[in-house]
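Below is a set of short questions and answers. Each one asks how a label was earned.

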Amino acid sequence: MIKTVIVEDNIYMQNLLVNMLAQSDAFEVVATFRDSFEAEQFCKGNAVDLVLMDVQTLHNHSGVSAGECIRKSTGAKVVIV
């Protein structure tokens with residue numbers, strides 16, 4: 001299972017991504033966040049394989065910057081959506 005975190009401030013899009021991944025046996029959504037800062041903190045303390053990150057999240061936080069920090073500190077793959 002690919003442990004996946006979804007970071008999307010739009011609840012509709014977040015739910016869409018969760019539902020799409022739930023249909024596959026390959027992915028396990030371990031957490032969802034609306035703010036990239038919260039996701040960054042979570043990823044540093046948990047085993048995560050993949051992060052689907054919005055470009056700009058809640059509170060105008062940069063998903064690009066957070067994604068880079070997550071990738072460097074955890075080795076997780078980050079896909080900016």
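**Reading the labels**

Q: What does the side chain of Glu 8 reach, and what makes this a polar contact?
A: The side chain of Glu 8 reaches the backbone nitrogen of Asn 10 at 3.1 Å. A polar contact is a pair of N or O atoms within 3.5 Å; within protein, one must be able to donate a hydrogen and the other to accept it, and residues adjacent in sequence count only if both atoms are side-chain atoms. The 3.1 Å of this pair therefore falls within the 3.5 Å limit.

Q: What kind of model is this, and how are its residues numbered?
A: This is a predicted model, in which local features need pLDDT of at least 70, side-chain atom pairs count only at pLDDT 80 or more, and totals for chains, interfaces and linings use all residues. Residues are numbered from 1 along each chain as its sequence is written, and side-chain values use heavy atoms, leaving out hydrogens and water.

Q: Why does Glu 8 have no salt bridge with Arg 34?
A: A salt bridge is a side-chain nitrogen of Lys or Arg within 4 Å of a carboxyl oxygen of Asp or Glu. Arg 34 is the nearest side chain of opposite charge to Glu 8, yet it is 7.9 Å away. That is beyond the 4 Å limit, so no salt bridge is counted.

Q: How many salt bridges does the structure hold?
A: It holds two.

Q: Why do Glu 40 and Lys 44 count as a salt bridge?
A: Their closest N and O atoms are 3.6 Å apart. This is within 4 Å, so the pair qualifies. Glu 40 and Lys 44 are four residues apart in helix α2 (residues 36–45), about one helical turn.

Q: Why is Glu 40 called buried, and Lys 44 partly exposed?
A: Buried means under 20% relative accessible area, exposed over 50%, partly exposed in between (1.4 Å probe, protein chains only). Glu 40 has 13%, so it counts as buried. Lys 44 has 49%, so it counts as partly exposed.

Q: What makes Lys 72 and Glu 68 a salt bridge?
A: Their closest N and O atoms are 3.0 Å apart, so the 4 Å limit is met. Both residues lie in helix α3 (residues 63–74), four residues apart. At 59%, Lys 72 is exposed. At 39%, Glu 68 is partly exposed.

Q: How do you know that the buried residues of α1 are on the same side?
A: The buried residues are Gln 14, Leu 17 and Leu 21. They cover an arc of only 65 degrees around the axis, so they share one side of α1. The arc is that of the directions from the helix axis to the C-beta atoms. On the other side, Tyr 12, Met 20 and Ala 22 are exposed.

Key:
Helices (H or I, at least four residues) and strands (E, at least two) are DSSP runs, numbered from the N terminus. Lys and Arg count as positive and Asp and Glu as negative; His and the chain ends are not counted.
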